[in-house]
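Please look over the sequence and the structure below before reading on. The report that follows takes up the sheet, then one strand, then a single side chain, and lastly the charged pairs.

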Amino acid sequence: MNIGELVTGTKALIMSMYLDEGDMRPWCVAFSGGKDSTALMGLVVSVIEALHPEKRKRKVFGVMSDTVVENPLVHDHMNEQAKLINEYCLKKELPVSVTKV
């Protein structure tokens, strides 16, 4: 399986779960601003953005934990990534936000 097939399959799984009307609980996605959580958040946002607006019913909360011990550069990066995601999702009217706890 190549990377394109893996991404396509992952997005199909995310869409299937997102549209499951038998479980409409909000999603919480752990978000650190690192490569893994950024990739996951990007896939989730991409899937939701591809849906017709009337199907974007489930809220998605990116939860970013501020442990107060991060290097200042890492801390700034995390906050900037959260800000960019929030601005993008607001502009696109997507039910996604990232919150620092």
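## The sheet and its helices

In this predicted model, helix H3 lies across strands S2 and S3, and it runs at about 155° to S3. Helix H3 covers residues 72-91, while strand S3 covers residues 96-100, and a loop lies between the two.

The sheet is an open one, formed by 3 strands in the order S1-S2-S3 with parallel pairing. Its edge strands are S1 and S3, each of which pairs on one side only, and from one strand to the next the twist averages 25°. Strand S1, helix H2 and strand S2 together make a β-α-β unit, and this unit is right-handed; helix H2 spans residues 35-50.

## Strand S1 and its partner

Strand S1 takes in residues 27-30, and its two faces can be told apart: Trp27 and Val29 belong to the covered face, whereas Cys28 and Ala30 belong to the uncovered one. In a regular strand the side chains alternate between the two faces of the sheet.

Strand S1 is joined to strand S2, residues 60-64, by 4 bridges, and the two strands run parallel. Two residues of the uncovered face of S1, Cys28 and Ala30, can be followed across to this partner: Cys28 stands opposite Phe61 in S2, and Ala30 stands opposite Val63 in the S2 strand.

## Ser37 in helix H2

Ser37 has its place in helix H2, the helix of the right-handed unit described above. Is Ser37 buried or exposed? With a relative accessibility of 11%, Ser37 counts as buried, because the cut-off for that class is under 20%.

A polar atom of the Ser37 side chain lies 3.4 Å from the backbone nitrogen of Gly33. When residues up to four places away in sequence are left out of the count, Ser37 touches Ala30, Phe31 and Ser32; among them, Ala30 is also part of the uncovered face of strand S1.

## The salt bridges

How many salt bridges does the structure hold? There are 4 salt bridges in the structure, and the pairs described here are included among them. One of them joins Arg25 to Asp23, with the closest N and O atoms 2.8 Å apart. In this pair Arg25 is exposed, its relative accessible area being 59%, while Asp23 is partly exposed, with a relative accessible area of 27%.

Glu49 forms a salt bridge with Lys92, and here the closest N and O atoms are 3.8 Å apart. This pair links distant parts of the chain, since Glu49 sits in helix H2 and Lys92 in the loop between helix H3 and strand S3, 43 residues apart. Glu49 is partly exposed, with a relative accessible area of 27%, and Lys92, at 34% relative accessibility, counts as partly exposed.

Another salt bridge is formed by Glu87 and Lys83, whose closest N and O atoms are 3.8 Å apart. Where do these two residues, Glu87 and Lys83, stand along the chain? Both are in helix H3, and because they are 4 residues apart there, about one helical turn separates Glu87 from Lys83. Glu87 counts as partly exposed at 43% relative accessibility, and Lys83 counts as partly exposed at 42%.

Note on methods:
Residues numbered from 1 in each chain as written. Predicted model: local features only at pLDDT ≥ 70, side-chain atom pairs only at ≥ 80, totals over all residues. Heavy atoms only, no water. Buried < 20%, exposed > 50% of the residue type's maximum accessible area, 1.4 Å probe, protein only. Pairing = 2+ DSSP bridges. Right-handed = clockwise from strand over helix to strand, strands pointing away. Salt bridge = Lys/Arg side-chain N within 4 Å of Asp/Glu carboxyl O. Polar contact = N/O pair within 3.5 Å; in protein donor to acceptor, adjacent residues only side chain to side chain. Contact = heavy atoms within 4.5 Å. Axes fitted to C-alpha atoms, helices over the stretch in contact; angles between N-to-C directions.
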